[in-house]
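Thanks for asking me to look through this model with you. Here are my notes, in numbered points, so that you can follow along with the structure open beside you.

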Amino acid sequence: MPGELSIEQLVAAVSQRAGPGLAVRIEGNALHRVSAVAPLQAAQAADLSFLANPRYRPHAANTGAGALVLTAVDRAALFATGAGPRALVICEAPYTWFAFAAQVLFPEEPATAARAPSAVVDPSARVEEGASIGPQAVIEAGVRIGRGAQVGAGCYLGPDVQVGAGSRLHPGVRVYHGCRIGARCIIHSGAVIGADGFGFAPYRGAWVKIPQVGIVAIGDDVEIGACSTIDRGAMGDTVIEDGVKIDNQVQIGHNCRIGAHTAIAGCVGIAGSTTIGRGCQLGGAAMIQGHITIADGCVVSGATAITRDLREPGFYTGIFPFMTNRKWERSAVLLRNLDELRERVRVLESRFGRPPSESDS
Amino acid sequence: MPGELSIEQLVAAVSQRAGPGLAVRIEGNALHRVSAVAPLQAAQAADLSFLANPRYRPHAANTGAGALVLTAVDRAALFATGAGPRALVICEAPYTWFAFAAQVLFPEEPATAARAPSAVVDPSARVEEGASIGPQAVIEAGVRIGRGAQVGAGCYLGPDVQVGAGSRLHPGVRVYHGCRIGARCIIHSGAVIGADGFGFAPYRGAWVKIPQVGIVAIGDDVEIGACSTIDRGAMGDTVIEDGVKIDNQVQIGHNCRIGAHTAIAGCVGIAGSTTIGRGCQLGGAAMIQGHITIADGCVVSGATAITRDLREPGFYTGIFPFMTNRKWERSAVLLRNLDELRERVRVLESRFGRPPSESDS
Amino acid sequence: MPGELSIEQLVAAVSQRAGPGLAVRIEGNALHRVSAVAPLQAAQAADLSFLANPRYRPHAANTGAGALVLTAVDRAALFATGAGPRALVICEAPYTWFAFAAQVLFPEEPATAARAPSAVVDPSARVEEGASIGPQAVIEAGVRIGRGAQVGAGCYLGPDVQVGAGSRLHPGVRVYHGCRIGARCIIHSGAVIGADGFGFAPYRGAWVKIPQVGIVAIGDDVEIGACSTIDRGAMGDTVIEDGVKIDNQVQIGHNCRIGAHTAIAGCVGIAGSTTIGRGCQLGGAAMIQGHITIADGCVVSGATAITRDLREPGFYTGIFPFMTNRKWERSAVLLRNLDELRERVRVLESRFGRPPSESDS
C-alpha cells in the first residue's frame, strides 16, 4: 500500500523533515504499520491519530487507532502500561509532529510537466522545466512560471506575472498584470490577486477613479484560500511576506503589508494601507481598519473589529456576546442608553457620595 | 403564451406538486388567466402576486394583480365581497403556495443533453444520459455525472468527483478531487467545493501544513450560492445534509456538518469542526465559532457571533445596536469601562444597602 | 518616456478632464516634468505625490517628490518660499486633482478589438465595433456587447446579457441570463452578476425554491470588485444606479436598489429588498438588513449592522469596541447582565430618590 510505513520509519521520516527539535519517544510496537490518518473516534488499526486538545481525552482513551501521538502528560493520564494503541508516539508538540507525519503519509502528487493543448500561452511567456499548465488556462505575454510550478485549469495570469518555483495555483485562480508570487505557494480556486484597489476621490457628487499602479508581491511559502482577494497597490505595492497563511474569502486592501508567518482565518477583511506584523493571528471574520499598524505577535479574536493601532502584542477581543433575542432586545435598549445609566449613578453618587453616618446629623 | 394558465389550472398544478396539505379556496374568477408573477405594486392583470407580510397590506389593497394569494384573515381585512383582484387564492401559507405556483409558471428549461466541443473531458469520466457539459468545462479522470445533470461553462470537476442526477452547476463552479454532490442540487457560479481546510501546526515560528485528506459530501436538494466555499475535511469529511440552502459568499470550514434543511444566509462564516443541527436558520453575516455544536432548530440573527454551543433551540442574537457615531463614541467609552460602572454601583449599595428608615436614627 | 508631462501640461490636461471647478495654482517650476506617481515617502524627482490627510504632513515635509499637490493651508505650514518640491500644485481638493492627474499619467490601454479564437461566441450575439473578447470566454445567444467594451478571458455572458459601450469585464466575470450592464463599467475578476436570489418558502420541514425571474440592471460608470455578487431579482429587478462603486467580496441580495454614486467598501453584505439612497458610504463589512430603506447621504461605519431604516442622513456606528481579551471577558459578562445592573440602580434610586436633606428628619 502506498505510504504504508512502520512507526519507526515514520518517526525517522518526520525527523528528516523537521530536523532536530521534535524529539519523540516510541512506546509499544515500533514496527506497527500505518497508512493513513483519522480522527480519534473513527481511527482503526492502520491509522495514525493525535491528541492535542485535552477536551478530546475521552475519545483518545477509547480510540481504535493503531498509533497515537500525544504528550507525556496525556500518555500518563490515559493508558496503563501496555494498554491503549499498539504504538504511542510521545512528543511535546503532538499536533506539529502529526502534521509532518501526515505529510509523509500523503505526499503531494508530483505534477506532470505538461502544457494542456487547450491552454492559451503567449509565446513570450517563459515556462521553466517541470512546470505544468492546465486546460483552458490563459497565460499572457511576459509571464514567468518557475520550475515545477503548477498552473491549474482555467487560471489566468496577466501580462508579466511571475510564479515562483514549486508553487501551485489550483483551477480558476486569477492574477492581474505584473503581480509576483514566490516559491512553494499554494493558491486556491477562485482567488483573485491584484485587482484594483478601492480608490476614488469625490468630485461633484460622483467618484473619480484613481489608477491603481502598484502590484501585489507575495513571498515564499504563502497559502491563499479559495475566493480570497488581494488588491494591487495604488502607488506602492501590497506585500504579503513569507509564510503567511490566508484562509478562504479573505479580503486584503491595497497597500497593506502582512508580516511573515501571520495566519488569517476565513472571512477576514483588512482595509487599505494597514500594516500587520509578523506572527499575528487574526480570527475568522475579524475586520481590520485601514491605515493602522498592528504589532508583531498580536492575536485578534474572530468577529472583532480593530479600529486603531495595536502597539503591543496581546490577545484582543470585541464581540457582542450573544444571548436570547428577547434578552438582547432589552440589552440593546440599555446599551443605547448607557450614558443615561451612568448619569443616574453619578446623581446617586453626588447625593450619597459620603457614608450615611456623615450625611446624617 | 407559454406558462399561461387559469387560476383553476394553477391550483391543480400546485396541488399535484405539493401533495395534500396546501389546501386553498378560490374566490372570484377561477378562469382568470395568469402568465407571470409580480410584486404587489407592479403587478398587472396577467400577474399573480402574494401577500405574506402584513406590512404590505396597503400595497395589496391597491394591487393591480389579476390574481392574489393571501390568508383568509388578510382577505377579510382587505376586500369587500367582489372587490379586489379578479381571482383570490385563499390559503394558510400564501408564500409557500406562491412558491409552487411560480415554479409552475416558470418551469426549469430542460437541459439540452450536449457536450460542448471545447470542454475537456477525460475519457474515463462517466457522463450519464441526458447530462450536459458546457463550453470550456474541464472534467478530470474518474468523474461521474448523473442523468440529466448540467455542468456549466468553465466548470472544473477534479478527479473522481461525483455529481448526482439532475444537479445543476452554473458556469464557473469548481469542485476539488473526490468530492460528492447529490441529486437535484444547484450550485452557483464561483462556488468552490473541496478546497483545503485551514489546517496548520506551529513549528519554530512558522506553520506546517496538515494535508487535508477528507472530502466534501453534499446531500440531495442542496443549493449553494455564488462564491460560497466549502472546505474538504482534514481527516474525516465535511458533510452538508439533504435540503440545506446556502446563500452567496458563505464559508464553511473543514469537518463541519450542516444538518438537513438548515438555511444559511449570505456572508455567514462557520469555522472548522462545528456541527449545526437540522432546520436551523443562520442570518446574514452570522459567524459561528469552530468546534461547537448547535442544536436542531436554532435561529441566529444576522451579524451575530456564536462563540459556544447552543444546546436548546431558540432565537439568539448578539448585535451591537447602531446609533449616531457621536453617541456611539460615548457608548464605546462607557462599554470599555463597564466594570468600573458596576463597581460604582456596588460601592453605593455597600453604603446604602439598607433602607433609609433603618440607617437613619 | 510615455506619459511624461510638465506640470503645466498636466494641469492643463486635468482641467480638460475635470472642467472648471478644480482651480489650481502652480508654484515653483511649472516646466518640471513628471512621469509617475508615488507615495510621499517613496517619491522621487520624476514623481507626483499628494498630501490630503494632515496626518501625513511630516512625510510631505521631507518628500523627495518632484511635484506635490496640496492645499494652500498645508503649503503655508510646510514649506518656506522656494523650499520643498520643485513644483507645487495648490488646490482645495488635492486628492481629487491627484486622481485626475494620475489618470492622465496612466491612461487606460486601448483595447485591441479582437475576438480570441478560443472564445465561444454564439452566432446570434451582437458584438459592436471595437469590442474585444478574450480567450476562453463564452458568449451565449442574444448577447449584445457595446462599442469598445472588453470582455476578459474566461468570462461568461449568459443568454441576452447586455454590456454597454466601453465597459470592461476583467477575466472570469460571470453574468447570468438577461442582466444588463451599462456603459463604462468596470467589473473585476470573480464577480458574479445575476445568480439566483435566496428565496425559499417553508413547507413540511423543507424549503421550496421560489424561481428568481427578475434581472440585475446596472447603470453607467459602475465599478464592481473582485468576487462580489449581486443577485437577480425575485420578481422585479435588482438595480445598481449610475456611478455606484462597489469593492471586493460585497454581497447584494435580490431586489435591492443602490442609489447613484453610493460607495460600498469590501465585505459589505446587503440583504434582499433593501433600498439604499444616493451618495451613501458603507464602510467595510457593514451589514445591512433586508427590507429596509436608507436615506440619501448616510454614512455607515465599517463592521456596523444596520437593522432598521435610516430616515435621516447622518453618520451611524455600531461596533463593539475591542479590548484585551481578559477585559472583554469581564465586559461580556456585565453586558449579558446589563438589565440586572440597571435594576440595581433603580433599587438604589427608589430608596434614595430624594435628596438626603429631605429624607433625613
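**Notes on a predicted model**

1. Let us begin with a single residue. A:D74 is buried, because 21 other C-beta atoms lie within 10 Å, and a residue counts as buried from 20 upwards. Please keep in mind throughout that this is a predicted model.

2. Where does A:D74 sit? Its place is in helix α3 of chain A, which covers residues 72-78. Setting aside neighbours within four places in sequence, A:D74 is in contact with A:L51, A:R57 and A:A60. You can also find A:I90, which is 16 residues apart from A:D74 along the chain, with 9.1 Å between the two C-alpha atoms.

3. Now step back to the whole of chain A. The domain assignment gives domain 1 (5-105), domain 2 (120-316) and domain 3 (325-359). Between the C-alpha centres of domain 1 and domain 3 of chain A there are 56 Å.

4. Next comes the nonpolar interior. The largest nonpolar core has 352 residues, and the members that touch the most others are A:V89, A:W97, B:V89, B:W97, C:V89 and C:W97. Take C:V89 as an example: leaving out neighbours within four places in sequence, its contacts are C:I7, C:V11, C:V24, C:I26, C:A67, C:V69 and C:W97. Another core, of 22 residues, lies apart from the largest one, and its members include B:L335, B:V345, B:L348 and C:F352.

5. How many residues of chain B are in contact with chain A? There are 62 of them, and they meet 63 residues of chain A. On this side of chain B, two or more residues come from each of β21 (200-203), β22 (206-209), β37 (305-306), β38 (315-317), α5 (325-336) and α6 (338-352). The largest share, six residues, belongs to α6(B). Sorted by class, the side of chain B that touches chain A has 34 nonpolar, 19 polar and nine charged residues.

6. Chain B also meets chain C, with 63 residues of chain B in contact with 64 residues of chain C. Here the elements of chain B that give two or more residues are α4 (94-105), β39 (323-324), α5 and α6. Which element gives the largest share of this side? It is α6(B), with seven residues. The classes on the side of chain B that touches chain C are 34 nonpolar, 22 polar and seven charged residues.

7. Strands pair across the chains as well. Strand β39 of chain A (residues 323-324) runs antiparallel to β38(B), and two bridges join them; A:T324 has B:Y316 as its bridge partner. Between chains B and C, β39(B) pairs with strand β38 of chain C (residues 315-317), also in the antiparallel sense and over two bridges. There, B:M323 stands opposite C:T317.

8. Finally, follow one sheet from end to end. This open sheet has 11 strands with mixed pairing, in an order that starts with β39(A) and β38(B) and finishes with β13(B) and β10(B). Its edge strands are β39 of chain A and β10 (132-133) of chain B, each of which pairs on one side only. Within the sheet, strands β19 (residues 186-187) and β24 (residues 223-224) of chain B pair in the parallel sense over two bridges, and B:I186 stands opposite B:E223. As background, strands of a sheet pair through backbone hydrogen bonds, either parallel or antiparallel.

Technical notes: Residues are numbered from 1 along each chain as its sequence is written. Chains are lettered from A and ligands numbered from 1 in the order in which they are written. This is a predicted model: local features need pLDDT of at least 70, side-chain atom pairs count only at pLDDT 80 or more; totals for chains, interfaces and linings use all residues. Two residues are in contact if their C-beta atoms, placed from the backbone, lie within 7 Å. Helices (H or I, at least four residues) and strands (E, at least two) are DSSP runs, numbered from the N terminus. Ala, Val, Leu, Ile, Met, Phe, Trp, Tyr, Cys and Pro count as nonpolar, Asp, Glu, Lys and Arg as charged, and the others, Gly among them, as polar. Two strands pair if DSSP finds at least two bridges between them. Domain bounds come from an automatic or database domain assignment. A nonpolar core is a set of buried Ala, Val, Leu, Ile, Met, Phe, Trp, Tyr and Cys residues joined through C-beta atoms within 7 Å. A residue is buried if 20 or more other C-beta atoms lie within 10 Å of its own, exposed if 12 or fewer, and partly exposed in between; C-beta atoms are placed from the backbone.
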